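Biologist: Please zoom in on one helix and its packing partners. Then follow the trail from there to the empty space in the model.

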Amino acid sequence: MTVIRLTMVGVLLAQVVSGQGSVHGDDQPPAPPVAQPSPHTNSSPIVVDVQQVEEQPAEPFEPKVPLTDEQQSQRQAVTWFMTGQLREGKNDFAGALEAYRKAIEIAPGEIKPYQSLVTITFAQGDREGATKYALQAAQHSREGIPLARGLANLLVRANETGHAVDVLKKIQQSPPADVKLVDELVLHRDMGLFYRLMTQTDSAVEHYKQVMSALQNPDSPLTDAERQEILGDAGETYEQMGKVFLDAKLADLAVTAFDEASKFNKSSPGIHSFNLAMVYEETGRHEQALDELRKYFDAQLQSKGREAYQLLADLLKELGRSDELLPELENMHDRDARNKSLAFFLAEQYEQQDQLDEAEELLKEITGNRADPRGLVGLASVYRRKHQAKPLLETFAQAFQVVPQTEEPEALERMDSDMRALVERFQELQREIAEDDEAMDGLIARGKELVGDDDAKLDFVQAYVLGKLSVEAERIEAAQEFYQLAIDMQNDPPALLFRELGLALTDAEKYAEAAKVFGQATEHTSNNLQQAGVRALFLYLQSHALEMDGQTDAALEAIGEARKALPDNSAMQFQEAWVYYHAHRWQEAIDKFQEVIDTYEPKDDEESQRIVKQTRFSLSAAWVQLGDLEKGEEVLEVVLASDPDNTQVNNDLGYLWADQGKNLEQAKGMIEKALAADPENPAYLDSMGWVLFKLGEYEKAREYLERAVALPSGDDSTILDHLGDTYSKLELSDKALELWQKALDNEQGKPYPDDKILDRIKAKLPAEAEE
């Protein structure tokens, strides 16, 4: 609900602004406290009767001493702010936004209206609006910087870290006139963190260097309070900077940061020993690293979790003493039996040494009846190797429920090292099971056995994970069976089930079956699936599957219904045009693509401009297919003029010129630019091969075209035809005939073969080969 979302965003924003909230994982420093903006000294308390503001005009009040223009403006701003608060309390968010906007127009230096504007716009999903108001506040006064930082943290929580970086960059580029050094350094610290989350180490280093340099400068004007504001939990902050410097192989800076961290971690000197061990390992001083690491172990610390034992394994391997690892781990386990990180790592080593019984026994001992995700993943791995389907299904399904499911680099980076290692290990285990035919045979058989068992039934999670594993193993029939079972087990099945199964069928080119699954979702009576946006999404997906299956009229009907549900959705409108395009109904496609451009080009938001650019590429291709190459070029030239470095336009226009044999050197340069940005794109490789063919450089053309054909999506009819032409020029007649025939078979197998391509290829083949 909007009210709940708005409340939660307001709470999170307030926490981040005040320093209580953080985007950091458990091993990362919380955002340091930031002082709330101080009240203006020239403001006087003004009591506003909100009932009077909303319902009837107040009687004019004439003070004995007339108000100055500034006081009058402030009074009006407060009135509008309180009006906004009243409207917001009545869930009239449009009215509240209007009132808050008027407040900042009158008094742009007041921070509270900006806070409300950012809260409401962010909760409504208006990232552009939230960013605009946060930046206005921050660029007007340093009191607005915490608000912009709060928005950046909310964006990171929403996995939009790149957007968060852009927000802080703009403050750095246009800081307020009253900005202080402490503000600049806090921004650098945040930028360092955000770049670290994006795994952009070099950028993180540049920002952390600024922070370290200022903090280490003995002549720095920073006060103790300002240092505390920058550092927050100083020990953790220095340690995180040290890790980034270490990742960048800046050992001296890393040691400096770790030394500073140790000053704030005096109760745990073993932590400093661990950090030094990492530095020594990175710089090749393995014996010294081992000595420092053992100091950490001797202190029986657990804060570094699995990472410490992995470092031990790596060091012993570098020293050629890997045979010492297992005995040393066993010895430490005997002395510190309650250390679970150590026990789980020891069990992992048992498994790697093929001591599966020992691994299973230890894992059962430390896991007990508790659903510890580390134990469940470890046991599932052991059962996979033992090919014991019954316990494998049970433990894997349990692990699936407690291990986070994500492959997003930013989400992984925010986890502590133990959790990140567990998530990555579970992902690896899923791949291992899917690639293990014996394990998959056993799991599928066990699942079917449970379906027919009156006593032990297959539960929902087991059915779902069997479906997912079957998709990964490319066992599409089993996937259909188990996904459908999972769907049938729920009165209100998650939309995710229909989407994953439908997309798996689409990837397997079972378009008719995919369309049925998406249709099943649109017809389901559950409240979840009947929400307008959800139902429209499945109609959209269904239209794609139907069109790929050659059912154009049904596809148009589906996307037409989706557009009625979401009439202002650009993706839905574009999809309708695409259906006409794919069905080779070129003029209708052109008309629909032009409608998309006419509708969204006047809008200046990022999404509208993205869809307009995408549509222009499709419109150009439609004109080319209709035979009007000049109009096709004109459309692409509009894109090139506004975005000369755009990869796709450089390729598409370059190819179009090459295909006509004109502007060949310019076309070659444009295609080179596209290939530099995406060197493994088969379409771009084909373009380069074709322009070289047109230039008479057949051997070079062959190199690019063969690379294109070898890629997974490189069996396109046009690419195969081009390679055949190249072989022909090189007098490799048999190879040329083979490629042309393959291109012909490929094109004839499409729901809507391109007659121009068919005629072109048939003209090169002997008459009997065309049959």
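Modeller: I start with one helix and its neighbours, and then turn to pockets and cavities.

This is a predicted model, so local features need pLDDT of at least 70 and side-chain atom pairs pLDDT 80 or more, while totals for chains, interfaces and linings use all residues. Residues are numbered from 1 along each chain as its sequence is written, and side-chain values use heavy atoms, without hydrogens or water.

Take helix 8, residues 161–173. Helices here are DSSP runs (H or I, at least four residues; strands are E, at least two), numbered from the N terminus. Helix 7 covers residues 145–157. Helix 7 and helix 8 pack with their axes 7 Å apart, at about 165°. Axes are lines fitted to C-alpha atoms, for helices over the stretch in contact, and angles run from 0 to 180 degrees between N-to-C directions. That angle makes helix 7 roughly antiparallel to helix 8. The cut-offs are under 35 degrees for roughly parallel, over 145 for roughly antiparallel, 65 to 115 for roughly perpendicular, and oblique for the rest. Their crossing is left-handed, a term for a near helix turned anticlockwise from the far one by less than a right angle (right-handed if clockwise).

Which residues touch? From helix 7 come I145, A148, R149, A152, L155 and V156. They meet T161, H163, A164, V167, L168 and I171 of helix 8. Contact means heavy atoms within 4.5 Å. By class, this contact has nine nonpolar residues, two polar and one charged. (Ala, Val, Leu, Ile, Met, Phe, Trp, Tyr, Cys and Pro count as nonpolar; Asp, Glu, Lys and Arg as charged; the others, Gly among them, as polar.)

Helix 8 also packs against helix 9, residues 181–197. Here the axes come within 10 Å and cross at roughly 155°. Helix 8 and helix 9 are therefore roughly antiparallel to each other. Helix 8 passes helix 9 in a left-handed crossing. On the helix 8 side, T161, A164, V165, L168, K169, I171 and Q172 make the contact. On the helix 9 side, L187, H188, D190, M191, F194 and Y195 do so. Eight of the residues in this contact are nonpolar, three are polar and two are charged.

Now go along the chain to helix 37 and helix 38 (residues 698–710). Their axes are 8 Å apart and the angle is about 165°. The two helices are therefore roughly antiparallel to each other. Helix 37 passes helix 38 in a left-handed crossing. P682, L685, D686, M688, G689, L692 and F693 of helix 37 meet Y698, K700, A701, Y704, L705, R707 and A708 of helix 38. This contact holds ten nonpolar residues, one polar and three charged.

Helix 37 leads us to empty space. It is among the helices that each supply at least two residues to the lining of the largest pocket, along with helix 31, helix 33, helix 34, helix 35, helix 39, helix 40 and helix 41. On a 1 Å grid over the protein atoms alone, a pocket is an open set of points with protein on both sides within 12 Å along at least five of seven lines; in a cavity a 1.4 Å probe fits but cannot get out, and lining residues have an atom within 4 Å of a point. The largest pocket holds about 2000 Å³ of space. Its lining has 49 residues, and Y581, Q625, D716, T718 and K750 lie nearest its centre. The lining divides into 20 nonpolar, 16 polar and 13 charged residues.

The second largest pocket holds about 970 Å³. It is lined by 37 residues, with K243, M278, E307, S417 and R420 closest to its centre. Helix 12 gives the largest share of this lining, seven residues. The classes are nine nonpolar, nine polar and 19 charged.

Last come the cavities: the model has three of 30 Å³ or more. The second largest cavity holds about 70 Å³. Its lining includes Y296, F297, M332 and R335. Helix 15 and helix 17 each give two or more residues to it. Six lining residues are nonpolar, two polar and two charged.

Definitions and conventions
Points joined across faces, edges and corners; volume = space filled by probe spheres on them.
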